[in-house]
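Hello,

Here is the structure I promised to pass on to you. Have a look at it first, and then read on for what turned up in it.

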Amino acid sequence: MAPKPDALRRLTKRSQFQRAARGNRAGRSAFGLQAVDAPAPDAGIGFTVTKKTGNSPERNRIKRRLRAAVTACARDFIPAHDYVLVGRREALSEPFAKLVADLGALIVRVHAPRSTEQRNSSGRGPRKPKQ
């Protein structure tokens, strides 16, 4: 039986999360998204929420909301890529429609080609010219 076109693999191994952390990143106030090419033919998705975010019921609620947003955006994920959503505390108070809209926008953003200026930037402002 062939998998559904919008079927998503779950990332479970630490090495998968570490590989995604080296890929492209984009963020919003409620969560960050990391994406990297994957050897598997379908898209993989993983969730992480640190203990700094809150106690376990709060962290679990953040993960449940992010899982629901991923389900709503399942068709937007590109096959042969792994994605990791890094939940933040703001995910508890954001309206669900905004979570879904932000996720859709971030999927597009992590796959957008970057110019050479952006590629060399650390994100901390312009570089000093070399002398």
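Strands are DSSP runs of E, at least two residues in length, and they are numbered from the N terminus. Arg 10 is part of one of them, strand S1. Please keep in mind as you read that this model is predicted.

Let me begin with the overall plan. The protein chain holds four helices and five strands. If you walk along it from the N terminus, the elements come in the order β-α-β-β-β-α-β-α-α. The chain has 131 residues, and 37% of them count as buried. Among the contacts with a separation of 6 or more, 80% are between residues 24 or more positions apart.

Next, the sheet. Strands of a sheet pair through backbone hydrogen bonds, and they can do this parallel or antiparallel. Here, five strands make an open sheet with mixed pairing, in the order S1-S4-S5-S3-S2. S1 and strand S2 (24–27) are the edge strands, since each pairs on one side only. From one strand to the next, the twist averages 25°.

Try following S4 (residues 43–48) on your screen. S4 runs parallel to S1 (residues 8–10), and three bridges join the two. One pair to look for is Leu 8, whose bridge partner in S4 is Ala 43. S4 is also joined to strand S5 (residues 81–87), by five bridges, and these two run parallel as well. There, Thr 48 has Val 86 in S5 as its bridge partner. Why is S4 described as largely enclosed by the rest of the structure? Five of its six residues are buried, so that description follows.

Now back to Arg 10. Is Arg 10 buried, exposed or partly exposed? Its relative accessibility is 47%, which falls between the cut-offs of 20% and 50%, so Arg 10 counts as partly exposed. Setting aside neighbours within four places in sequence, Arg 10 is in contact with Ile 45, Phe 47 and Arg 67. You can also look at Arg 10 together with Asp 82: they are 72 residues apart along the chain, while their C-alpha atoms are separated by 9.1 Å.

Two of the helices can be placed against the sheet. Helix H1 (residues 14–21) lies across S1, S2, strand S3 (31–37), S4 and S5, and runs at about 95° to S3. H3 lies across S2, S3 and S5, at about 35° to S3.

Finally, the helices also meet one another. Two packed helices are described by the angle between their axes and the distance between the axes. For helix H2 (residues 56–72) and helix H3 (residues 96–111), the angle is about 60° and the axes are 9 Å apart. H2 and H3 are therefore oblique to each other, and H2 passes H3 in a right-handed crossing. Which residues of H2 and H3 meet? Arg 65, Ala 68, Ala 69, Val 70 and Ala 72 in H2 meet Phe 96, Leu 99, Val 100 and Leu 103 in H3. Sorted by kind, the residues of this contact are eight nonpolar, no polar and one charged.

Enjoy exploring, and write back with any questions.

Best wishes

Technical notes. Residues are numbered from 1 along each chain as its sequence is written. This is a predicted model: local features need pLDDT of at least 70, side-chain atom pairs count only at pLDDT 80 or more; totals for chains, interfaces and linings use all residues. Side-chain values use heavy atoms; hydrogens and water are left out. Axes are lines fitted to C-alpha atoms, for helices over the stretch in contact, and angles run from 0 to 180 degrees between N-to-C directions. Angles under 35 degrees count as roughly parallel, over 145 as roughly antiparallel, 65 to 115 as roughly perpendicular and the rest as oblique. A crossing is left-handed if the near helix is turned anticlockwise from the far one by less than a right angle, and right-handed if clockwise. Contact means heavy atoms within 4.5 Å. Ala, Val, Leu, Ile, Met, Phe, Trp, Tyr, Cys and Pro count as nonpolar, Asp, Glu, Lys and Arg as charged, and the others, Gly among them, as polar. Buried means under 20% relative accessible area, exposed over 50%, partly exposed in between (1.4 Å probe, protein chains only). Two strands pair if DSSP finds at least two bridges between them.
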